[in-house]
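Reader: Could you take me through one part of this model up close? I'd like a look at a strand and its neighbours, plus any odd loop residues you come across.

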Amino acid sequence: MMKKIVSCFLVAFVLSLLALSTSNAADLKIKFTDKSRLNYQGDWKLISYQAYTSKDAGKGGRRGTLTCEPKLSGTYQIITEFKATVNRGNRAQYFVNGSKVKEVDQRAGAANGKSAFIKVSLGVFALTPESKVELRAEDGKSYSFVGFTFTTSTEVPTDVSADGGIAGDTGAEGSFVAKKDGDLVIEPYLSTYAPAAFHVFVDGKEVFSWVRSDSTTKEPCVFQGAADDKSMILNKPGDYSPAPGLKYTVALKAGQKVTSTKSGSYESGTYLKISGPFDGAATADDKADAEPDKDAGDKKEAGKTPTDTTKPVAMDDVLNND
């Protein structure tokens, strides 16, 4: 009887080892050179370690589409890898089976002017042999592709929203038009362990950015072209964190367009708040019962001082991951 039990145990043990050894047997890494599974259309240039949209390839417009056909069947997490540099674009668009699933700032992670190889998860998807994954470069900026990794997953496939993008994804964009003259107020707090970034533009000109590569490096935000050292707090030598209570203002004219973007893998508590004389805004004059900002005295601006002490109205919390 004992021999039979031992024998059954050994069989179960061997089977479990086999299961472990084959659990990732279907995992697949596709490098940028694998032209049996990749199709480059447009202005792509291939060098020793990456493919990228270039002025020296195709028509020179730095536009193109990369289509990957992994020919897999099952549920997989898809991870993309690229080389982040300061001259990359901030809107690398990724599609799975024709649906947009993520938009990535490929500058995030390039700290202090240095490049870095970055991996970003696109999500978990149910794939068939006909499935396609695409990287689209459509804005004339340079985008990088190093490879895709497909890892078998037991997770529920990612929910892709009808308007494109993963529900709860880390990439988003907001646009606002000033209905009258007034102040644009930017309130940022960027906490992250991995590459992440904020950008704010007025009529296409960048007025604010915050690009962080990790949780400890001193990487201050940049307002009106100048780095704000006060946006980072030194916890201990070599360990910096974002400062709370930051606020920056920019004078707007009626009709000017404000665009804000955020991308990367931010942590809970991160936010990018935008307020101003936008559509549907109730100004202090229009709203007699506007509540005074009780924290105004404690929140010293790193840019300009507020024009009044009322709470910002028409607040659009572009990013709130509480």
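Author: A quick term before we dive in: buried means under 20% relative accessible area, exposed means over 50%, and partly exposed is what falls in between. Keep in mind that this is a predicted model.

Let's start with strand S10, residues 133-137. Four of its five residues are buried, so S10 is largely enclosed by the rest of the structure. Two strands pair with it. Strand S5 (residues 64-68) runs antiparallel to S10, joined to it by five bridges, and Gly64 sits opposite Ala137 of S10. Strand S7 (residues 92-96) is antiparallel to S10 too, with four bridges between them; here Tyr94 has Leu135 as its bridge partner.

Follow S7 out and you get to Asn97, in the loop that leads to strand S8 (99-104). Most residues other than glycine have a negative phi. Asn97 isn't a glycine, yet its phi is positive, about 55°. With a relative accessible area of 43%, Asn97 is partly exposed.

Asp203 is another one to look at: no glycine either, and its phi is positive at about 50°. You'll find Asp203 in the loop between strand S15 (192-202) and strand S16 (205-212). Its relative accessibility is 48%, so Asp203 counts as partly exposed.

Then there's Asp228, in the loop between strand S18 (226-227) and strand S19 (232-236). Asp228 is buried but has no salt bridge. Lys230 is the nearest side chain of opposite charge, 6.4 Å away. What the Asp228 side chain does have is a polar contact with the side chain of Tyr248, at 2.6 Å.

Notes: Residues numbered from 1 in each chain as written. Predicted model: local features only at pLDDT ≥ 70, side-chain atom pairs only at ≥ 80, totals over all residues. Heavy atoms only, no water. Buried < 20%, exposed > 50% of the residue type's maximum accessible area, 1.4 Å probe, protein only. Pairing = 2+ DSSP bridges. Lys, Arg positive; Asp, Glu negative; His and termini not counted. Salt bridge = Lys/Arg side-chain N within 4 Å of Asp/Glu carboxyl O. Polar contact = N/O pair within 3.5 Å; in protein donor to acceptor, adjacent residues only side chain to side chain.
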